[in-house]
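Work through the exercises below with the model open beside you. Each task is followed by a solution in steps.

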Amino acid sequence: MPEMTDEQRKALEEKIKNMSPEELKEFQKQQCIFCQIITGKIPSKKVYSDDKCIAVMDINPASKGHLLIMPKEHYAIMPQMPDKEIGHLFLVSKYLSQILLKSLKVSGTNVFVANGGVAGQRAQHFMLHLIPRKEGDKVLDVEDKLIDVQLRTKVKELVEPKLLALLGVKKEKQTTLPQPKVELPEEEIEVGEEHQEEKVIEVSEEVEEPPKKKTKAVKEKKSAPKAAKKAKEPSKREEVGLDDIADLFK
Amino acid sequence: MQTYLNEKMKCEYCEMLERQNNVDLLYEDPDIVIAIKDFSCIPGQISIFPKQHYTILEMVPDEVLQKCFVLANKVSMAIFESLGAQGTNILVQNGLGAGQKVPHFSIEVIPRREGDGLKLAWEPKQLSQDEMDTAYLMVKEEGDRLVDIGKKKKEEKKEEPKTESSKEEPKKVNSKNNYLLKSIKRLP
């Protein structure tokens, strides 16, 4: 692509600002190399294609036979994709993995997804990497270590409510995947939602409390067990901040 | 059958499922569990695996597999929001050569942050035109035999008696499984 002058860049930025979401989507699509590979404007080595997805050889592979499987629709990251398409894409990866193992005589495959730049995502088009592996090839070597039980418990405390809430939403909308109905998870989800409601209430109390506390604390300084109790309550509910999480990763 | 049982007895994940009141489970349904394993590459890593003992990706039935990955996406979303991750990786180590340590298929969802020190990447290679072409031809030949995967599934559902396309497929699975199973059994 030719270098843009500052003026051109400014004009482009202005243009993008004024676009409707539909126009923006179309614009992103035009700019996306992988969308052009999908439409055939850019040549590629295609190994599989159906109405939802396409699989091509990576031109800068991690190893011989490295495949990229991507949805034909333009999604920047995985969370934007509907469940049905996710299911289909990974199903295709199963069949293609089988083919790689058989035809390239490798001893394993990695299915790899990167969501976000820090995770190694390079393109603005969601894709799934399918990488043939041989022992000692030094691709994607992950070293596992023992994670302290306290850390695990903390992770669970943090993730579980959010996850169950997400699954709850999913279950209601779920129409695509044939799924045996379960009662247990739904109960759990209800519990999770109740917790959330409680939290909301607590928070609103907290907001109202502080002015009262001050006046009460001054007036009933000597005989104020109630006020003391109330003052303690808010401190119980600490928001989990990013710093806490950062500590987790040290 | 005997080997299957032996394998299952040794499998860490199957043992994990048999434990009562397991604190490391985040979610379970009749087919799948979401759990926090004691051995991970980083705190916050979460695993999704089928309850049934399947050694490798190729053995997992289509429907269970699809559900596993849909759940993996939900886990990834939950990690973004609750752990403040700046990115996530979803990784399947399928087979000994790919770093699989436990002979039970699982999907790992890994939270990522700037400077976390994880080397979940590879050195992009520039293969010669010849090498690219041979790899392409080998894979393409097999790929062409794949019918539209989504459509095939629908056909199988409609017609109970096995059609040609569905006959062809289990054969492939068998030969494949045997090959990979052999390598997997070399696991210590």
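Two strands pair if DSSP finds at least two bridges between them. Helices (H or I, at least four residues) and strands (E, at least two) are DSSP runs, numbered from the N terminus. The model is predicted: local features need pLDDT of at least 70, side-chain atom pairs count only at pLDDT 80 or more, and totals for chains, interfaces and linings use all residues. Residues are numbered from 1 along each chain as its sequence is written, and chains are lettered from A and ligands numbered from 1 in the order in which they are written.

**Exercise 1. Trace the strand pairing from chain A into chain B.**

Step 1. Start at the chain boundary. S4(A), residues 108-115, pairs with S5(B) in the antiparallel sense over 7 bridges. Thr109(A) has Asn94(B) as its bridge partner in S5(B).

Step 2. Go on into chain B. S5(B) and S6(B), residues 107-112, run antiparallel and are joined by 5 bridges. Here Ile90(B) stands opposite Val109(B) of S6(B).

Step 3. Turn back into chain A. S4(A) and S5(A) are antiparallel, with 5 bridges. Asn110(A) finds its bridge partner in Ile131(A). S3(A), residues 67-71, joins S5(A) by 3 bridges, again antiparallel. Leu67(A) is partnered with Leu130(A).

Step 4. Write out the whole order. The open sheet has 10 strands, S1(A)-S2(A)-S3(A)-S5(A)-S4(A)-S5(B)-S6(B)-S4(B)-S2(B)-S1(B), with antiparallel pairing. Its edge strands are S1(A), residues 46-49, and S1(B), each pairing on one side only. Neighbouring strands are turned by 20° against each other on average, direction ignored.

**Exercise 2. Determine how S5(A) is covered and which way its residues point.**

Step 1. Fix the cut-offs. A residue is buried if 20 or more other C-beta atoms lie within 10 Å of its own, exposed if 12 or fewer, and partly exposed in between; C-beta atoms are placed from the backbone.

Step 2. Apply them. In S5(A), residues 128-133, 6 of 6 residues are buried.

Step 3. Sort by direction. Leu128(A), Leu130(A) and Pro132(A) point one way; His129(A), Ile131(A) and Arg133(A) point the other way. In a regular strand the side chains alternate between the two faces of the sheet.

**Exercise 3. Place H4(A) and the surroundings of Ile86(A).**

Step 1. Find the helix. H4(A), residues 83-104, packs on the sheet, touching S1, S2 (53-57), S3, S4 and S5 of chain A together with S5 of chain B. Contact means that C-beta atoms, placed from the backbone, lie within 7 Å.

Step 2. Locate Ile86(A). This residue is found in H4(A). Ile86(A) counts as buried because 26 other C-beta atoms lie within 10 Å.

Step 3. List partners, leaving aside neighbours within four places in sequence. Ile86(A) is in contact with Met81(A), Phe69(B), Val70(B) and Asn73(B). Under the same exclusion, Leu96(A) is in contact with Tyr48(A), Ala55(A), Leu67(A), Ile69(A) and Leu130(A).

**Exercise 4. Describe the chain contact and the core.**

Step 1. Count both sides. Chain B gives 80 residues and chain A gives 81. On the chain B side, H3(B) gives the most, with 16 residues.

Step 2. Turn to the core, a set of buried Ala, Val, Leu, Ile, Met, Phe, Trp, Tyr and Cys residues joined through C-beta atoms within 7 Å. The largest nonpolar core has 84 residues; Ala55(A), Ile69(A), Leu96(A) and Val75(B) have the most contacts inside it. H3(B) supplies the largest share of this core, 10 residues.

Methods:
Contact = placed C-beta atoms within 7 Å. Axes fitted to C-alpha atoms, helices over the stretch in contact; angles between N-to-C directions.
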